[in-house]
Amino acid sequence: MVSERRGAGRGWREATEEALYGAGGFYRRPEGPAGHFRTSVHASPLFAGAVARLLCRVDDALGAPPELAFVDMAAGRGELVTGVLAVLPTEVAARTRAYAVEKAERPAGLDHRIEWRAEPPKGITGLLFANEWLDNVPLDAVEIDAHGVARHVLVQDDGTEALGEPVADGPEADWLSRWWPLPAEPGLRAEIGLPRDTAWAAAVTTVERGAAVAVDYAHSRSTRPPFGTLTGFRDGRETAPVPDGSCDITAHVALDACALPGALRLTQRAALHALGVTGGRPPLALASSDPAAYVRALSTAGEAAELTATGGLGDFGWLVQPVGLTLNADLLVDVADDEEQ
């Protein structure tokens with residue numbers, strides 16, 4: 001529980017923005033995110049293959065437009081967009097215009113076909129894909145004080161926290177009331193996801209026809225954690241969130257609050273199964289007839305199992321937003337088969 005006294009510091013949203021994206025911020029460091037944590041993109045090329053298949057399904061639904069856009073939001077060092085281009089069918093790849101959206105500088109040696117941008121292009125026809133972007137959109141934290149009042153949490157550069165002003169009437173209070181209502185119990189915490197709702201809505205507006213997909217750590221209104229999810233990552237380990245640029249600062253995403261009308265929410269496990277990624281073991285007979293092929297197939301099955309694992313990456317949330325398309329089994333998955341977050 002944070003000290004009751006009102007202290008110096010900034011709100012977590014302001015502090016995180018500078019720590020992650022300011023001059024010398026965590027996401028501008030040369031090693032990139034992959035130097036500190038492992039996402040589905042880094043876990044296996046199967047993930048990029050599944051995204052490529054989704055892009056092809058969107059392409060089919062659009063009627064194979066002359067130019068098909070693929071936008072990789074929060075692209076890191078371009079790993080996902082590079083992987084998608086590598087496995088697209090030749091005919092689709094020839095029509096694909098690829099964008100990597102990231103605040104860091106363009107990496108040396110990146111495929112010349114990839115346009116590097118600080119903001120997503122507008123008016124695209126195709127697919128915008130945001131893998132672990134929204135969890136790094138900065139937001140403020142609140143905590144219930146000894147009197148049952150929700151107050152902003154302030155933080156100093158060394159991570160020391162204190163309680164600030166109460167959450168006044170207005171958009172933040174309205175968001176908390178609708179999406180993360182807190183009982184008047186001292187010490188309970190929440191993160192105000194309004195900036196993420198706004199960021200996602202803005203990203204979706206850049207798609208003229210096609211789909212937008214957000215993939216992230218997620219929770220829903222019925223499963224909000226009582227003490228929030230704000231945390232840090234450094235060198236592959238979870239650590240205390242300290243807004244000094246030395247670590248990633250992240251919090252799980254209220255994808256249900258982000259969802260716009262017509263959206264589908266499902267687990268990564270359900271989404272990847274629908275896109276052909278399963279963790280089934282190869283038949284033992286293959287070990288005798290073609291041992292090398294068996295070993296390759298076993299490795300692939302292991303990677304698929306990691307991407308779809310319960311209690312791991314498979315529990316990530318997918319938020320799929322069609323734009324000018326009908327969301328049906330041909331695009332991704334039958335809603336009846338959804339594993340709702």
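## A tour from a salt bridge to the core

Begin by selecting Glu115 and Arg97, which form a salt bridge whose closest N and O atoms are 3.1 Å apart. The pair ties together distant parts of the chain, since Glu115 sits in strand 4 (residues 114-117) and Arg97 in strand 3 (residues 96-101), 18 residues apart. Keep in mind while looking that this is a predicted model. Colour the two residues by accessibility and you will find Glu115 partly exposed at 25% relative accessibility, while Arg97 is partly exposed as well, with a relative accessible area of 37%.

Next, select Arg113 and Asp111, whose side chains meet in a salt bridge with an N to O distance of 2.8 Å. Arg113 counts as partly exposed at 42% relative accessibility, and Asp111 counts as partly exposed at 22%.

Now move to Arg269 and Asp315, where a salt bridge of 3.1 Å, taken from N to O, joins the two side chains. This pair also links distant parts of the chain: Arg269 belongs to helix 9 (residues 268-274), whereas Asp315 lies in the loop between helix 11 (291-307) and strand 15 (317-323), 46 residues apart. Is Arg269 buried or exposed? Arg269 counts as buried because its relative accessible area of 14% falls under the 20% cut-off, and its partner Asp315 is partly exposed at 31%.

To see salt bridges that share partners, select Arg10, Glu18 and Asp157, which are joined into one network. Across the protein, the count comes to 13 salt bridges.

### The three-stranded sheet

Select strands 11, 12 and 13 next, and you will see an open sheet in the order 12-11-13 with antiparallel pairing. Strand 12 (237-239) and strand 13 (248-250) are the edge strands, each pairing on one side only. Looking along the sheet, you can follow how neighbouring strands are turned against each other by 35 degrees on average, with direction ignored. Strand 11 (residues 231-234) is joined to strand 13 by three bridges, and these two strands run antiparallel. For a single contact point between them, show Phe233 together with Asp248, its bridge partner in strand 13.

### The nonpolar cores

Hide the surface and select Phe129 and Trp318, the residues with the most contacts inside the largest nonpolar core, which has 46 residues. Which helix gives the most to this core? Helix 3 (residues 45-62) does, contributing ten residues.

Centre the view on Phe129 and display its neighbours: leaving aside residues up to four places away in sequence, Phe129 touches Phe47, Val51, Leu54, Phe70, Val71, Asp72, Met73, Leu80, Val213, Val215 and Trp318. Apart from the largest core lies another, of 23 residues, and the ones to select there include Val71, Ile124, Ala130 and Val323.

### Zooming out

Finally, show the whole protein as a cartoon, in which eleven helices and 15 strands can be traced. Of its 341 residues, 54% count as buried. Among contacts with a separation of 6 or more, 73% are between residues 24 or more positions apart. With the surface switched back on, the protein exposes about 14,800 Å², of which carbon and sulfur atoms supply 53%.

Terms used: Residues numbered from 1 in each chain as written. Predicted model: local features only at pLDDT ≥ 70, side-chain atom pairs only at ≥ 80, totals over all residues. Heavy atoms only, no water. Helix = DSSP H or I, 4+ residues; strand = E, 2+ residues; numbered from the N terminus. Buried < 20%, exposed > 50% of the residue type's maximum accessible area, 1.4 Å probe, protein only. Contact = heavy atoms within 4.5 Å. Areas by Shrake-Rupley, 256 points an atom, 1.4 Å probe, with all protein chains shown as cover. Core = buried A, V, L, I, M, F, W, Y, C linked by side-chain atoms within 4.5 Å. Pairing = 2+ DSSP bridges. Axes fitted to C-alpha atoms, helices over the stretch in contact; angles between N-to-C directions. Salt bridge = Lys/Arg side-chain N within 4 Å of Asp/Glu carboxyl O.
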